[in-house]
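Trainee: I would like a close look at a single part of this protein, set against the rest of the fold. Please take it slowly and keep the account connected.

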Amino acid sequence: MESTMMTLMKSGPAAGVEKPATPKFGALVVKSSEPPKYLRIRDWLMDRILSSRLAPGDKLPSESDLTRQFNVSRVTVRQALEALRDDGIIESRHGRGWFLRRLCAVQNLGRLQGFGEMLAPMGVEARSEVLDLAEVPAPEPVAAAFDLPKGSSVMQIARLRIASGRVMSYDLSYFTRDVGRRLREHDLARKDIFALLERALDIQLGFADVTIEISPAEDMPARRLGITPGIPIFKLTRLTHDRRGFPVDFEYIYGLPETHQFKVRVPRR
């Protein structure tokens, strides 16, 4: 009996029992991955900011509260808060904590970006309220920009640009009739015009000439922005060209200075 038992112990697995496969040397083991903890905390804070309608100046949960809530280190919590600070959404006040800043669209003048593209890195969804969409006689600067004869008509699109329920700017854009008529067939409320020009109309954009001035708000921009005429606002004039150098989009963008921040890298020579 003992000899029989030893024989069974030394023999291979019983019939019908599959031997586990031995991993081959160098085999790739794929593991499920999750975003870093600080990114999950950042996204949670951003959702709270957008859904709870916090007002500028409101205080966020303390670092200690977030540390306990997410069961992470204070270093991880601070990474999440600093990521939101770097995006211009919150600010720290020494000894008092973290507070919501007024939403500000940061426009890099060294890049050609639409309004939605500016806010996307902040996790903020932008939309437009289309106020007017009509063919009008071309204003003199527009006719000159498009090299059109006097009396020519162009397509005018007037929009309010809105983020987190707040009007950020009043945009008045002009296009030649052929481009404008094609644009009006698309969703101008939820899509950036730059994106529509490139993806829907297959017009590849190249560069823009931009000027910015601070001046008292005239009646129409003031009414659209909900402010008193005469209050200082910025007026950005932009003429966008396609890659061949032909003008495509002439626009005026009006807004309060605190809603936008403009930056550009300037070389020494």
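In which loop is N71 found, and what surrounds that loop?

Mentor: The model is a predicted one. N71 is found in the loop between α3 and α4. With a relative accessible area of 68%, N71 is exposed. Its phi is near 55°, a positive value in a residue other than glycine. For background, most residues other than glycine have a negative phi.

The two helices on either side of this loop pack against each other. Helix α3 covers residues 63-70 and helix α4 covers residues 74-86; the angle between them is about 115°, and their axes are 9 Å apart. That angle makes α3 roughly perpendicular to α4. The crossing of the two helices is right-handed. On the α3 side the contact is made by E63, S64, L66 and T67, and these meet R74, V77, R78 and L81 of α4. By character, the residues of this contact divide into three nonpolar, two polar and three charged.

One residue of that contact leads to the interior. L81 of α4 meets α3, and L81 is also among the residues that touch the most other members of the largest nonpolar core, together with L60, I90 and F115. That core has 24 residues. Helix α4 supplies at least two of them, as do α2 (37-51), β2 (97-100) and α5 (115-119). L60 shows how the core is joined: leaving out residues up to four places away in sequence, L60 touches L45, I49, L81, I90, W98, F99 and L100. There is also a second, separate core of 22 residues, which includes A138, A143, I162 and I233.

I162 gives a link to the strands. E129, in strand β4 (residues 126-137), is in contact with I162, and also with A158, R159 and L160, when neighbours within four places in sequence are left aside. E129 and R159 are 30 residues apart along the chain, yet their C-alpha atoms are separated by 5.4 Å. E129 itself counts as partly exposed, at 39% relative accessibility.

Two other strand residues are buried. Q107 lies in strand β3 (residues 105-108) and has 6% relative accessibility, so it counts as buried. Beyond residues up to four places away in sequence, Q107 touches M118, L236, R238, Q261, F262 and K263. T237 lies in strand β8 (residues 232-242) and is buried as well, with a relative accessible area of 16%. Its contacts, again without neighbours within four places in sequence, are D209, V210, T211, F250, E251 and Y252.

Now for a second loop residue to set beside N71. D202 lies in the loop between α8 and β7, and D202 has a positive phi of about 60° although it is not a glycine. D202 is exposed, with a relative accessible area of 61%. N71, for its part, is exposed at 68%, with phi near 55°.

The helix before D202 has a buried side. The buried residues of α8 are I193, F194, A195, L196 and L197. These pack against β5 (153-163), β6 (166-175), α7 (177-183), β7 (205-216), β8 and β9 (247-255). L197 is a useful example: it lies in helix α8 (residues 193-200) and is buried, with a relative accessible area of 0%. Leaving aside neighbours within four places in sequence, L197 is in contact with F175, V179, L183, D202, I203, L205 and V248. D202 is thus exposed and still one of the contacts of L197. As for V179, it is 18 residues from L197 in sequence and 8.6 Å away in space, C-alpha to C-alpha.

Finally, the protein as a whole. Its secondary structure comes to nine helices and 10 strands. Of its 269 residues, 36% count as buried. Among contacts with a separation of 6 or more, 59% are between residues 24 or more positions apart. To return to your question, N71 is found in the loop between α3 and α4, and those two helices pack at about 115°.

Terms used:
Residues numbered from 1 in each chain as written. Predicted model: local features only at pLDDT ≥ 70, side-chain atom pairs only at ≥ 80, totals over all residues. Heavy atoms only, no water. Axes fitted to C-alpha atoms, helices over the stretch in contact; angles between N-to-C directions. Helix = DSSP H or I, 4+ residues; strand = E, 2+ residues; numbered from the N terminus. Parallel < 35°, antiparallel > 145°, perpendicular 65-115°, else oblique. Left-handed = near helix turned anticlockwise from the far one by under 90°. Contact = heavy atoms within 4.5 Å. Nonpolar A, V, L, I, M, F, W, Y, C, P; charged D, E, K, R; others polar. Core = buried A, V, L, I, M, F, W, Y, C linked by side-chain atoms within 4.5 Å. Buried < 20%, exposed > 50% of the residue type's maximum accessible area, 1.4 Å probe, protein only.
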